[in-house]
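Here is a short briefing on one protein chain. Keep the sequence and the 3D view open as you read.

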Amino acid sequence: MKNQLLLLIAFAFIVKLNAQETIIFENQDKRVITTGVPFLLIAPDARAAAMGDMGVATSVDAFSQQWNSSKYAFSETKSGFGVSYTPYLSKLVNDIFLGNLTYFNRLDERSAFAASLRYFSLGDIEFIDRPEDEPRIQKPNEFTLDASYALRLSDQFAMSVAMRYLRSDLRIQGVDGDISPASTFGVDISGYYQSEEEAYADFNGRWRGGFAIQNIGPKYKYDEGGIENFQPTNLRLGGGFDFIFDNYNKVSVTAEVAKLLVPTPPIYGFVDTDGDGEQNNNPDSNGYEPTIIVEGKDPDVSFLSGMFQSFGDAPDGFSEELKEFTWALGAEYLYQDSFAFRAGYFNESEDKGARKFLALGAGFKANVVNIDLSYLFSASKIQSPLENTLRFSLTFNIGEGEYQEY
């Protein structure tokens with residue numbers, strides 16, 4: 001009886017203690033995943049942009065380096081290079097843009113290499129301390145240098161590895177103190193499958209499939225004590241089919257899904273012991289109020305741990321993990337390999353960024369030159385920085401038709 005009484009008193013004490021120490025949830029209905037250098041997620045070429053920002057399983061072109069470099073092992077062109085220009089926030093300014101330069105070379109029947117430069121300019125920013133002073137002009141920018149090697153492992157399948165150097169110079173002299181440009185490296189691993197042409201009832205057809213894990217690499221920061229930023233490590237999976245009606249007409253349809261392999265922000269809260277709605281613990285040495293992870297997992301992990309953690313760390317469980325996948329559908333009509341019409345749709349969950357848009361585009365070929373255009377129409381309540389933007393790509397083909405794949 002005495003022991004039962006002691007247990008009852010102890011239980012009542014614990015209940016009272018827990019009642020006084022209440023965990024207050026912070027309102028975090030939408031947990032958008034953010035990373036450093038987000039310009040790496042912008043479609044750099046007009047063809048991919050016109051098909052809904054996809055390229056992991058589309059047919060090979062000069063800009064495959066940015067989506068799935070293993071496709072170069074299936075190029076019918078010996079080599080080539082492409083140049084593209086994408087205005088950004090064109091409704092507000094005229095000097096923010098993404099530029100891309102890519103070169104590829106198919107070495108032989110089974111291998112190819114490519115190199116590219118992506119440059120993102122945030123335009124000119126003027127600073128004036130006093131009206132009579134000359135303005136100081138800053139030009140923050142980011143860029144990447146890539147090199148890849150593709151190897152054909154069978155007649156229908158190839159894989160590739162790409163290495164990337166990344167530099168982000170967003171510092172503002174005289175404002176950001178001793179902050180310096182940040183740099184790091186990344187790796188892409190990709191694969192591509194392309195079947196033989198098969199005969200069906202009223203047409204011939206060809207299957208395509210691809211995958212890519214992009215921007216695998218360490219986190220980076222701008223100063224010694226600064227916040228470490230994840231790279232936009234991204235998983236892409238796609239498949240498609242080519243309807244080959246005759247020697248002049250072909251229609252390709254492609255679907256793609258993608259997911260950032262970066263930790264999901266958890267739901268934070270704090271302990272309120274006196275019921276005043278404020279954190280009662282003391283601030284840390286940096287002056288920040290300590291927080292408690294109520295649901296989810298700690299995002300302060302290495303990039304490798306973050307990749308695996310990203311598949312099961314969403315606070316709302318599997319349903320939220322599904323929301324972190326984006327998907328796109330695209331189609332391309334090609335006439336006599338000289339004219340192309342393209343359309344695509346891209347979708348992202350309302351809780352994870354709400355990017356939704358329809359894209360249209362066209363391509364023209366004259367001798368060894370390809371010209372591609374695309375235009376984006378936003379379908380979301382949140383305005384896209386690329387809305388109503390016309391994008392251009394120019395490709396020069398060298399040694400076209402040297403390899404026969406079809």
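Of the 406 residues in this protein chain, 44% count as buried. The model is predicted. The chain has four helices and 20 strands. Start with the whole chain, then move to a run of paired strands, the cores and the cavities.

**The chain as a whole**
- The protein chain exposes about 20700 Å². Carbon and sulfur atoms supply 60% of that area.
- Take the contacts in the chain with a separation of 6 or more. Residues 24 or more positions apart account for 60% of them.

**Strands 7, 8 and 9**
- Strand 7 covers residues 141–152, and strand 8 covers residues 157–169. The two run antiparallel and are joined by 12 bridges.
- Four residues lie between strand 7 and strand 8, and the two strands form a hairpin.
- To find one of these links in the 3D view, look for Leu151. Its bridge partner in strand 8 is Met159.
- Strand 8 also pairs with strand 9, which spans residues 182–194. This pairing is antiparallel too, over 12 bridges.
- Val161 has its bridge partner in strand 9, namely Ile189.
- A general point helps when you look at strands: in a regular strand, side chains alternate between the two faces of the sheet.

**Nonpolar cores**
- How many residues make up the largest nonpolar core? It has 18.
- The residues with the most contacts inside this core are Val37, Phe39, Leu40, Ile42, Leu98, Phe120 and Tyr220.
- A second core is separate and has six residues. Among them are Ala62, Tyr72, Ala112 and Ala114.

**Leu40 and its contacts**
- Leave aside the neighbours of Leu40 within four places in sequence. Leu40 is then in contact with Arg118, Thr144, Leu166, Asn215 and Pro232.
- Thr144 falls within strand 7, residues 141–152, and Leu166 falls within strand 8, residues 157–169.
- Leu40 belongs to the largest nonpolar core, and it also helps line the largest cavity.

**Cavities**
- The model has five cavities of 30 Å³ or more.
- About 100 Å³ of space lies in the largest cavity.
- Which residues lie nearest the centre of the largest cavity? They are Leu40, Gln66, Arg118, Gln214 and Arg236, out of 15 lining residues.
- Strand 11 (204–216) and strand 12 (234–244) are the elements that give two or more residues to this lining.
- Arg118 appears twice in this briefing: it is in contact with Leu40, and it lines the largest cavity.

Technical notes:
Residues numbered from 1 in each chain as written. Predicted model: local features only at pLDDT ≥ 70, side-chain atom pairs only at ≥ 80, totals over all residues. Heavy atoms only, no water. Pairing = 2+ DSSP bridges. Core = buried A, V, L, I, M, F, W, Y, C linked by side-chain atoms within 4.5 Å. Buried < 20%, exposed > 50% of the residue type's maximum accessible area, 1.4 Å probe, protein only. Contact = heavy atoms within 4.5 Å. Areas by Shrake-Rupley, 256 points an atom, 1.4 Å probe, with all protein chains shown as cover. 1 Å grid on protein atoms, 1.4 Å probe; cavity = no way out; pocket = protein on both sides within 12 Å on 5 of 7 lines; lining within 4 Å. Points joined across faces, edges and corners; volume = space filled by probe spheres on them.
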